[in-house]
Amino acid sequence: EDVKIGVSLAFTGPLESMAPHMAAGAELAMKEVTESGKLLGGVTVVPVRGDTTCIDAAAATATAERLITVEGVKGIVGGMCSGETGAQLENVAMPNGMVMISPSATSPALTSKEDNGLFFRTAPSDARQSEVMADIILEKGISSVAVTYTNNDYGKGLADAFEAAYTAKGGKVTINAPHEDGKADYAAEIGALAAAGGDALVVAGYVDQGGSAIIRGALDQGAFSTFVLPDGMVGAKLEENFGSEIDGSFGQLPDSMGDGKAKFAAMADGFDPTGAYSGEAYDAAALIMLAMQAAGTTDANVYKDKVMDVANAPGEPILPGELGKALELLAAGQDIDYQGASSVELIGPGESAGTFREIEMKDGKVDTVGYR
Amino acid sequence: MSGNRTSASQNMGLRYTLVALVLPALFIIEWINGGPNAALGILNMGLISAILALGVNLQWGYAGLFNVGIVGFIALGGLAPVLVAMPPTEGAMSAGGGRIALALLAGIAAIALAIAVNRKAPGKTRIIAVPTVLIAGFAIFRMIFDPGVEAVQAINPSATGFLGGMGLPTLLAWPLGAALAAGAAWAIGKTALGLRSDYLAIATLGIGEIIVAVLKNEEWLSRGVMNVNGIPRPWPVPYEIDIQADAAFIERAAGLGLDPVTASTVLVKLLYTGLFGAVLLALIWLSQRALNSPWGRMMRAIRDNEISAAAMGKDVTRRHLQIFILGSAVCGLAGAMLISLDGQMIPSGYNPLRYTFLIWVMVIVGGSGNNWGSVVGGVLIWYLWIKAEVWGPQIMDLVTASMPPGDLKSHLLDSAAHMRLLVMGLVLILMLRFSPSGLLPER
Amino acid sequence: MDFLNALVALTNYIIIPASTYGAQLALGALGVTLIYGILRFSNFAHGDTMAFGTGLAIIVTWGLQAMGVSLGPLPTAMLALPFAIAGTAVLVLVTDRLVYAHYRRVKAKPVTLVMVSVGVMFVMNAVTRFMIGVDDIKFADGARFVISARGFKEATGLAEPLAFRTTQLLTLVTAAIMVAALFWFLNRTRTGKSMRAFSDNEDLALLSGINPNQVVRVTWIIAAGLAVTAGTLYGLDKSFKAFNYFHLLLPIFAAAILGGLGSPLGAIAGGFIIAFSEVGVTYAWKKVATYMIPGFEAEGLLQLLSTEYKFAVSFVILIAVLLFKPTGLFKGKAV
Amino acid sequence: MSYLDASGMTGGYGGADILHDCTLKVDLGQIAVIVGPNGAGKSTAMKAVFGMLNLREGKVLFDGEDITALSPQDRVRKGMGFVPQVNNVFPTMSVEENLEMGAFIREDDFRETMEQVYDLFPILREKRHQNAGELSGGQRQQVAVGRALMTKPKLLMLDEPTAGVSPIVMDELFDRIIEVARTGISILMVEQNARQALEIADIGYVLVQGANRYTDTGAALLADPDVRRTFLGG
Amino acid sequence: MIRVENLHKHFGGFRAVDGASLEIATGSITGLIGPNGAGKSTLFNVIAGVHKPTSGRVTMDGEDITGLPPHELFHKGLLRTFQIAHEFPTMTVRENLMMVPGGQSGETLWNAWFNRGQIAREEEALRKKADEVLEFLTITHLADEYAGNLSGGQKKLLELGRTMMVEAKIVFLDEVGAGVNRTLLNTIGDAIVRLNKERGYTFCVIEHDMDFIGRLCNPVIVMAEGKVLAEGSPEEVLANEAVIEAYLGTGLKNKIKAEEALESQRHETHGAQPGLGDEAGKGGAA
Ligand SMILES: Nc1ncnc2c1ncn2[C@@H]1O[C@H](COP(=O)(O)OP(=O)(O)OP(=O)(O)O)[C@@H](O)[C@H]1O
Ligand SMILES: Nc1ncnc2c1ncn2[C@@H]1O[C@H](COP(=O)(O)OP(=O)(O)OP(=O)(O)O)[C@@H](O)[C@H]1O
Ligand SMILES: CC(C)C[C@H](N)C(=O)O
Ligand SMILES: [Mg+2]
Ligand SMILES: [Mg+2]
């Protein structure tokens, strides 16, 4: 028997380069479970991809509608961007009683959204990251920064929260200006940032989008030499694009200590496991299947109550590659504490508590400094 | 000549019959394959698309106005449900609302003054006086405006941070959406309608971008990129979870042999279909009557040859303005409807590819100048846009099925998502190939 | 000294980046304007043609690099350019044969052709992604800088840096050469003149013995050349990302329109005006003002308008120009 | 056989036929004039001869060769020149460039011909650098004829060359046409200034509703009271 | 009726109309002739509001109408035709005519939506009128043809037909005759005379056919190089040395023709009135 799980991500549109690695992560978990043959007595989990475009709420809604009513999926990994995720949740998932676990929608607004207990996310809300980022910067003795953010709810939410936290802690933000992703040229933005000045530039953007272009320009034109890099900026591309040119720059991303990340990386085949939110996507898919097992059914309205249980303590910690074991334990009625690739710990209304990995660029490589 | 015309009209009859058969057939197939929810979901957006296409057809098909700023009018219309139906943000009005209103008034006054100065002031002083008035006006505007905005945006930024709306029924937002778009169209038309063809196109494209930029960056108004969630549904559409909890409903659904989830989701969609269908029918009726009247004849004359129409006593400028406002209002109306269907307003989602060019594709594929053509184009292209998402990867699977496994195959499979655009493009090219003046041409 | 610093800051943050960007837009706009002028429609697939051509150039570059070929301080991609142009020319010619030729034959309205080009855009969009994927690709090699920021500071002792990238120099030089060549071609050569004749009055061109197929072919080949060059230079200077090329299309069209559709000179002027207005109007004058006015300490950034509205600025300028010159600065065509 | 021999032409613009078994012939160095009421199909017949119309029946022989299937631009290379009734200049090209385009297929030096055209229409020399689109109606007409002369065709087809030109220019134009014909070039033209045209015509065709109604020498047609009254304005 | 005072229209540095002053008397059929490029069409365009004059004044019945837009002039009774026909190509010939009259109640949206009865009545009347005009122009068979498909001369007829759809005060005709069959042109000439006599239209006619000018017009104004070169009765003007040199030419064919025409005009004014439905009128359709 087949169980279908939707993978509803933005395969086309501005984040098209991130989506494949995320989808691969989610599908890896499904493959692992299928191969273990232990889910609900040996069902096959079939991923069904759906394209949400990131920016077109109507298209995303239609996609979710198709996944649920046409494909008959029993759970959805997605959406990808916060706005589009809200639309799918409100218009399709809730009315149809479908569980959605987003690996990457990080807008704080989703925290308070009414969801009937159907929505979870394996990425933390941006509200927390901004606090951590402010602390790290101040600890380095940098008291004045310029901020540029990608002009969407993620970037703006992060930048505004950061400005509030940083100013409250005594820092000075010289300018807090957006940049649009995918635009032809960033000379104007760089000019403004340079004029405003500051000891470092906080780039709350995406590494394969405007974020890199801004760093490139700022670097070449000699406007800034130290950059602060939150989650969207930390990826393989960062090393590839800049190498040792940005040595000394630093940042943080939702990520956890422990073996999860490494194990996930070791399992990855044919995609970039360090790609942003790839591990989170693995975890999202894993959580759906584990909750099904715990509830003994694929009915979303039933297993939705089990998601928090399998994700959190008490129970046996589960890392990537151990899904078979977890299914066995659950089948035996035992508790598990899913850790996964991103040290999953769901709090409050079902979002990741968020540990953050602090990184620094050293010799052209992303170097882990510690966790907080 | 006469032979020519009868064969043409027979041809048209055939086309209408075909379309009248094919569209319902697609709907039924969709219903059978995907169930009522999928079919109705596509239909509802199809109806809104049809209305949008009707609005564009009004401007292009009737009057030859090349408006590529549709996205701006749709976005403005989308603002209406926010302003009308969202609850007012507590304290926002007193914190900064007054200031903002005052600032806007000051801004308008400054512009009015500048216009007056431009008219009255003698020759050379004008060159200095007008910019002075404008710059001073802008400075005063910012002085009043900025603190107000800051105060409003400070109120619980992660949830509100904007003025909010008036807490009125969402249905009222529809006419307001039309009115907002019409107002903007008036202002734009007054300045830009002197431009022709592609020049008007790019000017309107720019204006559309500017409107979207404002909605995206003025958080006090629309929450900007932070989006507005939870916009109430229009009367009489209920929320599924509410009726799913309603015992009477569950019973009635059971009576029909339906489970409550399906029953509720279908009911909601049907209600939307009813609302949108009613609006579309009303608009079609008005458009058809207008087109088949001396008014329509005059518009076509203007479209055909402006110079000559002016020499025949038609006030081309005024008529252009009229139809520009009407068409934009229809787009605004559809924009408001769209947002009340989505339940949220995402300003950054208004991108021209989706909300301008796709609409244009609908109009042209349907057949410009023909109202029914626009409706058909709207529904059909929306259908394809949605289906291409499924067909694309399926086709890719087919193509690669016989390939030996390897880098190429996996590379192609990984890119399967892009087949969506390929399929869309091919369908578009093919349709226009066999029907260059649209499925239902003007005549 | 302070005056020099102010000047350097302006050069570094406005003049050099805006000229480069302007040259990139101008090259793109030339292609758009050429197709509009001669084939009489706004080609929405131009951005994706640029993307495709650049993708091809990258693949050839990789090949060349693998073979150990290099151009010294210049990017290897410049060597790849002719191959990429040839490949893209073949693609657009095939497209024309399969798609556009039909609409010319049935004398379809220009707007139909515009919509068809939207279809072609979708297809090319996918083809490009099949070919080279969606990732951000950096393919510039050779020397990065003519003048580097640090080097400049050390050499001059000024507080302000000045950077001038090789790719920027290359862009400006190539753009100048291409533009001059195109002018010469259109106004002086027989083929060029026959293309203008065709653009003016197709039927009469036939009656003068001009071979329409040849005109169309040459037009596409030149357009492909311009598109690939523009796209590759842009990709070298920034980086290659298929998605960005669609967005490049809007300022390109704005430039072509501002200058007057069908006018090569207009395309160039338009490109630079758009670029300079985007960069100039949103520039924060704080630094420059501090240098220029001794003892001045700016409170704010002295920014006329924040960068969110930079696109709006160029469009406002565009509309203002069109109000006085309804067919652009250089009397463009209107179909 | 005539130099140009278009016989039995039947066809139209896709709908009903406009031409019905229409025949036009011109010999070397002859001037043939087509007259007829508006909408008779004169321009259509010219287009048909030039291959701008799909003929259902009939064929066109030129210099003994069947050219029915040739494209217009190939016919130009065979030595046919045509001045259409409307849209007959390149509006955004200068007068001089218009003339150059007329000589597009010529490989030899065409400057001499250009001088001849300027001598014929002095106003064009004056306006050589102005765009043709900015000329007055009559000036444009002169450009159009000039362009066709530049080709040095063996058969020159003119669709109402004198429409809108002033009397002084018209006289010169007719004189020039006679001159051109004397050099051995065949002329086929449509004229509404029919009396002057028939005066210089070797052969005249009266077309009515797409069919030949009268065919005779120019003088004979002029002398025919029926023709005069119904087609030449008395 | 129309008075043009020291009118200038410059294109860049070029003076297309260079200080022309003239008067068109009420009830006259005034001819306007002159070499190609003399500025005749430009003068028309300035009077009719298509071009703004560089300087100078145009008055109509004493009222200043300089620079008024064309549609306002239309409602003042000033109509014009174009030298290069400006039809509405995607509308049928009949529609081309029916759209002309101003103040149709169906031209407001409200009526178009909710007042169909009245519209139907008005349309009926318009249709009848249009058919009369078509009949008069001998192109009834083209009523339902798209105007874009007409032959060159047919378009010219349509141009003229449109001026017949309303009560005009003054009609400017820019080379109605060019490309029109001479038999039909005679009919048109008769129609002009009749409209002039019976409906009191004033005409100003540009034409290069001296036959036509001589038969119809009095006075005749000659323009050259943007200025008025001569003015007077046809006899005077055609005998004027300057006019012959600049315009008529010494080919004399035209001069002879013009004299013949004058001769015939003299006969006609003594003889029978040309009528609408007579022999010549039908000739063109043949
Ligand atoms: N838009 C324009 N730009 C520049 N020059 C122009 C323009 N329009 C007309 N002209 C020039 O003005 C002069 C007068 O033109 P106009 O059309 O008035 O002549 P006309 O007397 O009507 O001649 P015709 O009898 O040939 O129609 C011509 O020399 C023409 O070249
Ligand atoms: N493009 C076209 N499509 C369809 N019908 C056309 C087209 N062009 C002309 N016709 C029709 O063909 C017939 C003949 O037209 P044509 O232009 O050959 O006439 P003509 O004899 O040249 O008249 P004129 O003296 O007025 O120029 C007319 O009835 C006209 O309506
Ligand atoms: C894919 C992610 C970078 C999306 C982002 N975190 C958002 O909420 O929109
Ligand atoms: Mg003709
Ligand atoms: Mg004229």
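**Ligand 2**

I began with ligand 2 and its shell of 19 residues, of which Lys42(D), Ser43(D), Thr44(D), Ser151(E) and Gly153(E) come nearest. The model I am reading is a predicted one, and in it ligand 2 lies between chains D and E.

I then looked up polar contacts on the chain D side, and noted that a backbone N or O atom of Ala40(D) lies 3.1 Å from an oxygen atom of the ligand. Two side chains of chain D also came up: an N or O atom of Gln85(D) is 3.0 Å from an oxygen atom of ligand 2, and a polar atom of Gln192(D) lies 3.1 Å from an oxygen atom of ligand 2. Taken on its own, ligand 2 has 640 Å² of accessible area, and the protein covers 87% of that. Two elements give two or more residues to this shell, namely helix 1 (42-50) of chain D and helix 6 (152-163) of chain E. Sorted by class, the shell around ligand 2 holds twelve polar, five nonpolar and two charged residues.

**Ligand 3**

Next I turned to ligand 3, whose surroundings include Leu15(A), Met18(A), Met80(A), Cys81(A), Asp153(A), Tyr154(A), Tyr206(A) and Tyr277(A). What does the side chain of Ser82(A) offer to an oxygen atom of ligand 3? I found an N or O atom of that side chain at 2.4 Å from the ligand oxygen. On the nitrogen side, a nitrogen atom of ligand 3 is 2.8 Å from a polar backbone atom of Ser104(A), and a nitrogen atom of the ligand is likewise 2.8 Å from a side-chain N or O atom of Thr106(A). The protein covers 99% of the 280 Å² of accessible area that ligand 3 has on its own. By class, I noted eight nonpolar, three polar and one charged residues around ligand 3.

**Chain B against chain C**

Last, I looked up the contact between chains B and C, which takes 42 residues from chain B and 52 residues from chain C. About 3,900 Å² is buried between the two chains, with carbon and sulfur atoms giving 77% of that area. Tyr199(B), Ile202(B) and Arg433(B) supply 18% of what chain B buries against chain C, more than any other three residues.

How many salt bridges are there between chain B and chain C? My entry for this count is zero, while nine residue pairs are in polar contact. Among the helices of chain B that each supply at least two residues to this side are helix 5 (173-192) and helix 17 (419-434), but helix 6 gives the most, with 13 residues. By class, the side of chain B that touches chain C has 29 nonpolar, nine polar and four charged residues.

Definitions and conventions. Residues numbered from 1 in each chain as written. Chains lettered and ligands numbered in written order. Predicted model: local features only at pLDDT ≥ 70, side-chain atom pairs only at ≥ 80, totals over all residues. Heavy atoms only, no water. Contact = heavy atoms within 4.5 Å. Buried area = accessible area lost by both parts, 1.4 Å probe. Salt bridge = Lys/Arg side-chain N within 4 Å of Asp/Glu carboxyl O. Polar contact = N/O pair within 3.5 Å; in protein donor to acceptor, adjacent residues only side chain to side chain. Helix = DSSP H or I, 4+ residues; strand = E, 2+ residues; numbered from the N terminus. Nonpolar A, V, L, I, M, F, W, Y, C, P; charged D, E, K, R; others polar. Near = heavy atom within 4 Å. Areas by Shrake-Rupley, 256 points an atom, 1.4 Å probe, with all protein chains shown as cover.
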